[in-house]
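This report looks at how a set of strands is paired and at what surrounds a bound ligand. The sequence and structure come first.

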Amino acid sequence: MMAAIEIKELEKSYPSTFGTRRIPVLRGIDLSVEPGMVYGFLGPNGAGKTTTIKCMVGLLRPDGGQIRLLGRDADTLECRRHLGFLPENPYFYDYLTIRELLNLSGRLFGMAPAERRRRVDEVIRLVGLWGREETRLRKCSKGMLQRTGLAQALVGDPEILILDEPFSGLDPVGRKELRDLVLSLKDSGRTIFFSSHILQDMELMVDRVAIIINGRIVREGHLDDLISATVRHYELVYAGVDETAAARIAPGTERRDSHFILRAQTLEEINGKIREIQSMGGRVEALVPVKLTLEDIFMHEVGK
Ligand SMILES: Nc1ncnc2c1ncn2[C@@H]1O[C@H](COP(=O)(O)OP(=O)(O)OP(=O)(O)O)[C@@H](O)[C@H]1O
Ligand SMILES: [Mg+2]
């Protein structure tokens with residue numbers, strides 16, 4: 001099957017402050033995204049996400065490597081027509097209304113007036129801005145602007161949607177709404193590629209993720225596999241014993257109200273502790289696997 005997005009050995013460097021040398025930012029990125037997927041591009045600040053995305057959408061020229069979208073070279077016009085893009089910091093003419101801005105985008109796509117009107121109405125509904133489309137952009141909340149940016153990315157009915165940090169600045173309700181919106185776009189068969197520096201943004205919605213650190217992809221796969229394969233430790237919460245008993249079960253046990261919490265690396269160790277707790281008349285209240293976070297992966301990769 002032809003990949004929706006195919007990146008091979010992508011390299012990019014920027015000139016240093018005084019232009020005396022070049023600083024490598026992308027050091028050979030390889031990525032492949034199948035059509036219809038929601039794909040997460042995860043990495044800490046400064047890892048190279050935006051640089052990669054700018055190369056994908058043709059805003060930056062790579063120093064080396066290849067980018068193909070739907071089988072075509074990324075820097076062809078034909079290719080751009082199938083692409084919707086939400087930049088990291090969308091900039092709008094803020095005296096326009098939402099509808100005016102979307103109309104303008106439609107015009108840039110060369111849509112005929114009737115088609116444009118129909119499509120603009122459609123995307124306004126799609127992103128949940130119906131009834132608010134006459135609001136001037138300068139009066140829009142961060143959430144409304146983010147939706148407007150998304151609507152703009154959707155005007156041309158793209159097969160591939162590229163979103164750079166779409167969750168930034170949204171409150172929990174806004175995040176949930178955006179997640180639902182992305183999933184409904186996925187249902188319509190689009191390929192969605194989005195970046196974030198927050199692991200939690202990826203949960204509940206991505207099919208696969210690539211983790212980029214310092215210009216290299218360090219992990220790729222199903223998010224669940226990446227995280228569950230890497231439980232960092234377990235926390236066991238128990239009660240019903242006194243402080244001396246708790247100290248005997250595990251030195252350095254933490255006390256919280258009437259509970260004790262101990263940490264262990266393996267399930268074997270945990271089972272041993274549970275037996276001890278029960279033999280002393282205590283009871284287990286909870287067992288929590290503490291999973292790897294992006295920071296842990298980052299620290300691990302940096303420490304290599
Ligand atoms: N125009 C530029 N000139 C010089 N250096 C740049 C330029 N743009 C980005 N950089 C540097 O390239 C590196 C990668 O930046 P990039 O914006 O791609 O990271 P990012 O992963 O998108 O980070 P964030 O999560 O903060 O958005 C950073 O060290 C940044 O300082
Ligand atoms: Mg960025």
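Two strands are said to pair if DSSP finds at least two bridges between them. In this predicted model, strand 11 (residues 231-239) and strand 13 (residues 259-264) satisfy that condition in the antiparallel sense, over 5 bridges, while strand 12 (residues 254-256) is joined to strand 13 by 3 bridges and also runs antiparallel to strand 13.

Individual bridge partners and opposite residues along strand 13 are set out below.

| Residue | Residue in strand 13 |
|---|---|
| Tyr 234 | Ala 264 |
| Tyr 238 | Phe 260 |
| Arg 255 | Phe 260 |

Strand 12 and strand 13 form a hairpin with 2 residues between the strands, and in that hairpin Asp 257 adopts a positive phi near 55°. The wider arrangement is an open sheet of 4 strands, ordered 12-13-11-14, with antiparallel pairing. Strand 12 and strand 14 (283-291) are its edge strands, each of them pairing on one side only, and neighbouring strands of the sheet are turned against each other by 25° on average, direction ignored.

Which residues surround ligand 1? The shell consists of Tyr 14, Val 25, Gly 43, Asn 45, Gly 46, Ala 47, Gly 48, Lys 49, Thr 50, Thr 51, Glu 88 and His 197. By residue class, this shell around ligand 1 divides into 3 nonpolar, 7 polar and 2 charged residues, and its largest share, 3 residues, is contributed by helix 1 (residues 49-56).

How values were computed
Residues are numbered from 1 along each chain as its sequence is written. Chains are lettered from A and ligands numbered from 1 in the order in which they are written. This is a predicted model: local features need pLDDT of at least 70, side-chain atom pairs count only at pLDDT 80 or more; totals for chains, interfaces and linings use all residues. A residue is near a molecule or strand if its C-beta atom, placed from the backbone, lies within 6 Å of it. Ala, Val, Leu, Ile, Met, Phe, Trp, Tyr, Cys and Pro count as nonpolar, Asp, Glu, Lys and Arg as charged, and the others, Gly among them, as polar. Axes are lines fitted to C-alpha atoms, for helices over the stretch in contact, and angles run from 0 to 180 degrees between N-to-C directions.
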